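Me: I'd like a close look at one small part of this protein, and then a walk outward from there. Take your time with it.

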Amino acid sequence: MEAPTFLGMLIPSVPPYVSYSWLAIVFLILIALIVRARLSLIPSGLQNFMEFIMEFIITQARDAVGPKSKTFIPLLGTLFLYILTCNLFGLIPGFESPTGNLNTNASLAVPVFFIYQFYGFKVHGIKYLGFFLGPIRNIYAIPFMLFMFIVEWISHLARPITLSVRLFGNMMSKHLLLMVLGVLTPLLVPTLVLILGTAVSLIQAYIFMILTAAYIGGAVEEHH
């Protein structure tokens with residue numbers, strides 16, 4: 001039986017993955033308000049750190065999405081910071097990582113699917129459906145085009161599933177690995193938790209964000 005979490009004892013009627021996802025939202029809002037209240041032309045401290053993160057996100061968005069990346073920076077930045085915060089919660093004793101639950105991950109991945117499909121149709125109109133027909137376009141290739149259309153839509157429908165499961169699997173494996181390390185090397189576990197846990201948390205937040213950017217880029221780019 002799992003040990004009760006801090007918020008689980010305070011709010012027993014709410015599942016921990018929900019209460020800690022709320023806590024992540026509140027935490028990020030507070031950080032944003034603090035940074036906004038202390039904005040300076042010469043950044044330092046927390047502002048400097050947040051500007052570094054945003055410059056990184058902007059660069060990644062520009063590379064993955066292209067000229068239209070500015071529209072999606074708020075989405076990509078929010079996903080990265082929120083997932084990273086949720087991941088890091090799992091490193092705090094008595095806390096739980098919301099991303100260690102499939103429900104949390106699905107609530108992020110499903111909107112991503114609808115967002116990039118929406119912008120695909122917004123940018124290209126009905127021509128967006130042509131992206132799913134494959135490279136060969138003539139009357140003799142109609143059976144192949146229909147086949148490609150079905151295959152492409154299946155692959156797109158699988159994307160929110162793979163986004164959710166990938167994040168869930170890596171968070172669970174991180175949790176189990178740290179438990180094993182805690183049993184085998186109890187004296188080293190604080191250092192290992194910080195190094196390994198932080199690295200995995202960063203990498204998984206980045207992967208989710210960059211895949212989202214790639215999906216958006218594929219939907220809004222010009223196809224020839």
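Is Ser69 buried or exposed, and why does it count that way?

Reply: Keep in mind that this is a predicted model. Ser69 counts as buried because its relative accessibility is 8%, and the cut-off for buried is under 20%. As for where it sits, Ser69 is in the loop that links α3 and α4. Setting aside residues up to four places away in sequence, Ser69 touches Ala61 and Arg62. Both of those fall within α3, which covers 45-65.

Now for the wider setting. The chain has seven helices and zero strands, so the pattern along the sequence reads α-α-α-α-α-α-α. Of its 224 residues, 36% count as buried. Among contacts with a separation of 6 or more, 67% are between residues 24 or more positions apart.

The helices on either side of that loop, α3 and α4, both turn up in the largest nonpolar core. This core has 39 residues, and the ones touching the most other members are Leu76, Phe80, Tyr116 and Phe208. At least two core residues come from each of α2 (16-37), α3 (45-65), α4 (73-89), α5 (102-124), α6 (142-184) and α7 (189-220). The top contributor is α4, with ten residues. As a rule, nonpolar side chains in soluble globular proteins tend to be buried together.

The helix α4 also matters for the second largest pocket, which has a volume of about 390 Å³. Its lining is made of 17 residues, and Leu28, Ala32, Met50, Thr78 and Leu81 lie nearest the centre. Two or more lining residues come from each of α2, α3 and α4. Here again α4 has the largest share, seven residues.

Let's take α2 next, since it helps line that pocket. It has 22 residues and runs 31 Å from first C-alpha to last, close to the 32 Å expected at 1.5 Å a residue. Its buried residues are Val18, Ser19, Tyr20, Ser21, Ala24, Ile31 and Val35.

On to α5, the helix that holds Tyr116. With 23 residues at 1.5 Å a residue, α5 should span 33 Å, and its end C-alpha atoms are 33 Å apart, so the two agree. The buried residues in α5 are Thr104, Asn105, Leu108, Ala109, Val112, Phe113, Tyr116, Gln117, Gly120 and His124. When you look at that list, remember that an α-helix has 3.6 residues a turn, so residues three or four places apart point the same way. Just after α5 comes Gly125, with a positive phi near 70 degrees.

Tyr116 deserves its own look, as one of the core residues that touch the most other members. Leaving out neighbours within four places in sequence, Tyr116 is in contact with Tyr128, His156, Arg159, Tyr215, Ile216 and Ala219.

Finally, here's another serine to set beside Ser69. Ser201 is in helix α7, and it counts as buried because its relative accessible area is 0%. Its side chain reaches the backbone oxygen of Gly197 at 2.7 Å. Not counting residues up to four places away in sequence, Ser201 touches Leu84, Asn87, Leu88, Met171 and Lys174. So you have two buried serines to look at: Ser69 in the loop between α3 and α4, at 8%, and Ser201 in α7, at 0%.

Note on methods. Residues are numbered from 1 along each chain as its sequence is written. This is a predicted model: local features need pLDDT of at least 70, side-chain atom pairs count only at pLDDT 80 or more; totals for chains, interfaces and linings use all residues. Side-chain values use heavy atoms; hydrogens and water are left out. A nonpolar core is a set of buried Ala, Val, Leu, Ile, Met, Phe, Trp, Tyr and Cys residues joined through side-chain atoms within 4.5 Å. Buried means under 20% relative accessible area, exposed over 50%, partly exposed in between (1.4 Å probe, protein chains only). Helices (H or I, at least four residues) and strands (E, at least two) are DSSP runs, numbered from the N terminus. Contact means heavy atoms within 4.5 Å. The expected span of a helix is 1.5 Å times one less than its number of residues. A polar contact is a pair of N or O atoms within 3.5 Å; within protein, one must be able to donate a hydrogen and the other to accept it, and residues adjacent in sequence count only if both atoms are side-chain atoms. On a 1 Å grid over the protein atoms alone, a cavity is a set of points where a 1.4 Å probe fits but cannot get out, and a pocket is an open set with protein on both sides within 12 Å along at least five of seven lines; lining residues have an atom within 4 Å of a point. Grid points are joined across faces, edges and corners, and a volume is the space filled by probe spheres set on the points.
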